[in-house]
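I opened the notebook to look at how the parts of this chain meet. My entries follow.

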Amino acid sequence: MLIQKNMKLAEVIHHDHTLVPIINRFGIHLGFGNDNIAEICRKHKINIDFFVTILNAFHDAHYFPQKQLRNFPAALLIDYLQKAHHYFLDDKIPEIAGLINKMATEYALDKTTIGLLSNFFTGYSKELKKHIQYEEETIYPYVLALEKAQAERNPDKNPFVRVNNFSISDYETQHENVEEKLFDLKNIIIKYLPEPKDDKPGYRLLRELFTLDKELNEHARIEDLILVPKVKAMEKALKNKKE
Ligand SMILES: [Fe+2]
Ligand SMILES: [Fe+2]
């Protein structure tokens with residue numbers, strides 16, 4: 001199903017409830033009534049096309065109108081990505097850490113199991129945090145500076161643009177490492193934990209981890225397939241401008 005702006009947002013959520021955190025990032029919260037997407041966006045002063053494109057990109061892994069998404073201002077894209085970062089670090093990570101703790105008390109998991117799980121999860125969280133920090137402190141400011149420099153007559157005067165000694169391609173392999181760690185964590189639960197007395201907590205944790213994995217993949221896909229090519233095009237344009 002291709003999501004369109006004349007569709008009722010409520011119907012879209014009935015069709016795919018995993019979009020709820022995405023619409024929240026745009027400041028739309030549950031209880032939004034019977035309006036269609038365009039009406040709700042207008043009410044919240046949201047760029048309708050950008051909203052619909054992001055929903056579709058998340059809803060269907062094969063949908064990717066890259067050109068269209070690349071035309072949105074980088075600032076809009078980065079604002080969305082940063083909200084997703086807050087969601088991962090401030091909501092999801094503490095939620096899953098809490099679930100692991102709950103598993104320990106509710107199901108009296110043995111110390112080795114719980115130690116293994118929480119150590120691995122702490123390691124994974126640190127890795128994710130490091131990656132997000134790198135994006136927010138290095139990548140995103142660079143992208144915003146590039147966009148600003150593009151509009152300027154003399155880009156050399158912009159102190160943040162380091163087109164010659166830094167390139168976005170340095171960043172491209174980063175996502176694979178974070179994804180691998182999460183895969184290992186799921187495997188610990190699926191393959192290597194001692195057989196539990198009760199299967200429910202393991203399944204609950206797995207469900208959360210698979211959801212997180214899907215959300216992070218969508219996020220990384222937007223960064224890799226939209227942000228990076230957009231930046232490459234800007235780098236190229238700016239180099240030509242200088243020559
Ligand atoms: Fe990110
Ligand atoms: Fe990322």
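**Entry 1: a residue to start from**

I began with isoleucine 54, in what is a predicted model. Leaving out residues up to four places away in sequence, I found that Ile54 touches Ile22 and Tyr80.

**Entry 2: the domains**

I looked up the domain assignment next. It splits the chain into domain 1 (9-63) and domain 2 (67-242). Their C-alpha centres are 22 Å apart. I then listed the contact: domain 1 puts in 8 residues and domain 2 puts in 10 residues.

On the domain 1 side, I asked which elements give two or more residues. They are helix H2 (20-25) and helix H4 (48-59). H4 has the largest share of that side, with 5 residues. I sorted the side of domain 1 that touches domain 2 by class: 5 residues are nonpolar, 2 are polar and 1 is charged.

**Entry 3: the cores**

I turned to the largest nonpolar core, which has 33 residues. Which of its residues touch the most other members? I noted Phe51, Ile54, Leu55 and Val143.

I traced the core back to its helices. At least two residues come from each of helix H1 (9-15), H2, helix H3 (37-44), H4, helix H6 (74-106), helix H7 (111-151) and helix H9 (200-242). H4 again has the largest share, here 7 residues.

Why does this core lie between the domains? It does so because domain 1 (9-63) and domain 2 (67-242) both give residues to it.

I also logged a second, separate core of 8 residues. Phe121, Leu185, Leu205 and Leu209 are among them.

Notes. Residues numbered from 1 in each chain as written. Chains lettered and ligands numbered in written order. Predicted model: local features only at pLDDT ≥ 70, side-chain atom pairs only at ≥ 80, totals over all residues. Domains from an automatic or database assignment. Contact = placed C-beta atoms within 7 Å. Helix = DSSP H or I, 4+ residues; strand = E, 2+ residues; numbered from the N terminus. Nonpolar A, V, L, I, M, F, W, Y, C, P; charged D, E, K, R; others polar. Core = buried A, V, L, I, M, F, W, Y, C linked by C-beta atoms within 7 Å. Buried ≥ 20, exposed ≤ 12 C-beta atoms within 10 Å, placed from the backbone.
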